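Hi,

Here is the structure I promised to send over. Have a look at it first, and then read my notes below.

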Amino acid sequence: MNVTIPELGFVDLHSHYVPGVDDGVKTLEEGVALCEGLHQVGFSMVVATPHIRSVMFPNERSALERAHGEFCAVTADRPGMPVLGLGAEHFFDDVVFGLFRDGGALPYPGGHAALVELPPEAIPRGLDRCFFDMKVRGMQPVLAHPERYRPLFKRTDPLDALVDSGALPLLDIMSLVGRYGRRPKGAAERMLKEDVYYAACSDAHRPSDVALVSDAIKRLAQLVGDERTQELLALNPRRILNGTAQY
């Protein structure tokens, strides 16, 4: 799916506003409210990233494209909406990696990158080689919420091999306000100090998340300053979509 990226405003590379396809919003009204809310707090573009996960969320690309298209058609003339795009949050296992090899994965608009989620308890062996293979094929892996993976709670060095193989770490900003607990919050703050993150996102699942996202944007600016906040939420997400991202 190709969309025109707006020149101004934040770009959200991780959200769940497509109704009824995963653990995100359940109704059209909730999806609209979530998108409108994100627009109000500064996002001029919001990319839906519904889960593709074996057994739990066995979504297929064609069905997600159809559901997103229906949402866009209904909301096309509605004021106060951001530009809408579609990708997917791919839970990385052998089945999902096969989708990347066979063309069944759902990359970000433009086709230059795709969002990848890992198991919370351990970083899979050989993942760096898989990410390198993706990069060679022209698909940059964007790593969802590294602060929420247990091996990274206390130290960042397990992430080094993944970054070296092409992964771009993506901060879930609600981690900064305790949405996922104390340990992810501490890990996120540490990784910000270490300048680990390439970009940041909302990972919003419901309209009630918008207030937390707003607070998290303010907290992010307190921690890293306004210029770095713009890089994480505006400039670097555009680079990911344009295929010009360099860690």
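What follows is a short tour of the sheet, the helices and the largest pocket.

One thing to keep in mind: this is a predicted model.

Let's start with the sheet. It is open, has three strands in the order E1-E2-E4, and the pairing is parallel. Strand E1 (10–15) and strand E4 (83–86) are the edge strands, each pairing on one side only. On average, neighbouring strands are turned by 20° against each other, if you ignore direction. E1 and strand E2 (residues 43–48) pair over four bridges, in the parallel sense. If you want to find one residue pair on screen, try Ser15, whose bridge partner in E2 is Ala48. Helix H2 packs on this sheet and touches E2 and E4, with its direction at about 170° to that of E4.

H2 (residues 61–75) also packs with helix H1 (residues 28–40): the angle is about 70° and the axes are 11 Å apart. That makes the two helices, H1 and H2, roughly perpendicular. On the H1 side you'll find Leu28, Gly31, Val32 and Cys35, which meet Phe71, Val74 and Thr75 in H2. By class, the contact of H1 with H2 has five nonpolar residues, two polar and no charged.

Now for the largest pocket. It holds about 250 Å³ of space and is lined by 20 residues. Which of them lie nearest its centre? They are Asp23, His51, Glu117, His145 and Arg148. The lining as a whole has nine charged, eight nonpolar and three polar residues.

Have fun exploring!

Key
Residues are numbered from 1 along each chain as its sequence is written. This is a predicted model: local features need pLDDT of at least 70, side-chain atom pairs count only at pLDDT 80 or more; totals for chains, interfaces and linings use all residues. Side-chain values use heavy atoms; hydrogens and water are left out. Axes are lines fitted to C-alpha atoms, for helices over the stretch in contact, and angles run from 0 to 180 degrees between N-to-C directions. Angles under 35 degrees count as roughly parallel, over 145 as roughly antiparallel, 65 to 115 as roughly perpendicular and the rest as oblique. Contact means heavy atoms within 4.5 Å. Ala, Val, Leu, Ile, Met, Phe, Trp, Tyr, Cys and Pro count as nonpolar, Asp, Glu, Lys and Arg as charged, and the others, Gly among them, as polar. On a 1 Å grid over the protein atoms alone, a cavity is a set of points where a 1.4 Å probe fits but cannot get out, and a pocket is an open set with protein on both sides within 12 Å along at least five of seven lines; lining residues have an atom within 4 Å of a point. Grid points are joined across faces, edges and corners, and a volume is the space filled by probe spheres set on the points. Two strands pair if DSSP finds at least two bridges between them.
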